[in-house]
Amino acid sequence: MLTPVTRWKTGFTALVRTVALPLLMAFAIAGLCAGPAQAADGDVTWTVRTAANGYGDDRSSYSYTVNPGGQVKDAMVVANRSKSPLELTVYAADGFTTGTGQLDLLTRGKKSVGIGAWAHAGRDTVVIKPGKSAEVPFTVSVPGNATPGDYVGGILTSLKQADEAEGINVDRRLGIRVKLRVSGELKPKLAIEDLHVDYAGSFNPFAKGDATVTYTIHNTGNALLSARQTVSVSGPFGWLRAEAGEIAAPPELLPGESWKMKVPVHGVAPGVSLAATATLTPLLTDASGSTTSLKPVETTAHGWAVPWTLLLLIVVLLAAVVGAFILTRRTRARRKAREDARVQNAVEQALRDKEEGRQS
């Protein structure tokens, strides 16, 4: 299975199914995949690639840097691998990060405000003969008031087919990623939000437990960013520190996007008070593909790790000690009382014997 980045570099497809009911319902978009789009019956296949021009001869995707108010002209080549003519719809759409960390594009019915609104193909549809290809030009016109920063979208080809057996319309999409950086001040920034730590101890009063650290990574800047992450949990005064180990990097987040993290930390000592620290090192990729590490961002939150089984054991031991002390005092008191009674009886007996001796 290709990674999200690889999928974007080689193109992508998405499947949208619409139920043929009085009120049409859009189903979820399938995951991205590389290679040609192919219909369920295997009869319809086509491919897309970037056109060879001044931007390059063998590009895996489109990438531009444009000033506000600027314009870019490029083209996409569509090839029909089927045995019959193929009519495809051509349009642009904004990109977004899915819940599984993959990049996808908005469906045509959803409003785009970036690439999808600025990019326009030279024609809305293209008809390609069997075994032939066609070049579809498109223009990206950046508004003069566009905010500087990164934008991601794509140029798509789409084929709708009716599936009478299932009573649905199948929309197969195949396109190429478009990454655009609008010139101006770049402000790459990630924030750590809603940091929490929870602790789960062991029944063994002397064993360590596990902590779970949760937080949200929020891209609050204007650049596309990923990050390296570290998470640690420590006791009071930074003692008894435990590290989470290697953590998978989050997907590249578009400006404004968020990603939830849940990180387990094993071997945490129940030090009553815990401090969880999450550190992000933002990773910025430039047009050449080089990655730069930015200044780390760090946030700390506090929680509790009460060793209940150990406290219960201590309470039981204290109760046993107190019980033994009370029992010992009572035993000594009874012994003293018996000894006092014996002495008193002996004194009384001696006095009686003395008195009897006088009388005799």
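The following conversation discusses salt bridges, one asparagine and one sheet in a predicted model.

Biologist: How many salt bridges does the structure hold?

Modeller: This predicted model holds five salt bridges. One of them joins the side chains of Asp-150 and Arg-181, with 2.6 Å from N to O.

Biologist: Which strands do Asp-150 and Arg-181 lie in?

Modeller: Asp-150 belongs to strand E12 (residues 149-163) and Arg-181 to strand E13 (residues 168-182), so the pair ties together parts that are 31 residues apart in sequence.

Biologist: Are Asp-150 and Arg-181 buried or exposed?

Modeller: Asp-150 is buried, and Arg-181 is buried as well.

Biologist: What does Glu-185 form a salt bridge with?

Modeller: The partner of Glu-185 is Lys-187, and their closest N and O atoms are 4.0 Å apart. Glu-185 is exposed, with a relative accessible area of 57%. Lys-187 has 47% relative accessibility and counts as partly exposed.

Biologist: And what about Glu-339 and Arg-342?

Modeller: Their side chains also meet in a salt bridge, at 2.5 Å from N to O. Both residues are in helix H3 (residues 308-359); because they are three residues apart there, about one helical turn separates them. Glu-339 is partly exposed, at 37% relative accessibility.

Biologist: Let us change topic. Where is Asn-80 found?

Modeller: Asn-80 is part of strand E6 (residues 71-80). Its relative accessible area is 1%, which means that Asn-80 counts as buried.

Biologist: Which backbone oxygen does the side chain of Asn-80 reach at 2.9 Å?

Modeller: That oxygen belongs to Ser-84. In addition, a polar atom of the Asn-80 side chain lies 3.5 Å from the backbone oxygen of Lys-129.

Biologist: Which residues does Asn-80 touch, not counting those up to four places away in sequence?

Modeller: Among them are Thr-45, Trp-46, Pro-85, Ile-128 and Gly-131.

Biologist: Now the sheet with E14, E15 and E18. What is the pairing?

Modeller: These three strands form an open sheet in the order E14-E15-E18, and the pairing is antiparallel. Strand E14 (190-200) and strand E18 (258-268) stand at the edges with a single partner strand each, so one side of each has no neighbour in the sheet. On average, neighbouring strands of this sheet are turned by 20° against each other, direction ignored.

Biologist: How many bridges do E15 and E18 pair over?

Modeller: Strand E15 (residues 209-219) and E18 pair over nine bridges in the antiparallel sense.

Biologist: Which residue in E18 is the bridge partner of Val-213?

Modeller: The bridge partner of Val-213 in E18 is Val-263.

Note on methods: Residues numbered from 1 in each chain as written. Predicted model: local features only at pLDDT ≥ 70, side-chain atom pairs only at ≥ 80, totals over all residues. Heavy atoms only, no water. Helix = DSSP H or I, 4+ residues; strand = E, 2+ residues; numbered from the N terminus. Buried < 20%, exposed > 50% of the residue type's maximum accessible area, 1.4 Å probe, protein only. Polar contact = N/O pair within 3.5 Å; in protein donor to acceptor, adjacent residues only side chain to side chain. Contact = heavy atoms within 4.5 Å. Pairing = 2+ DSSP bridges. Axes fitted to C-alpha atoms, helices over the stretch in contact; angles between N-to-C directions.
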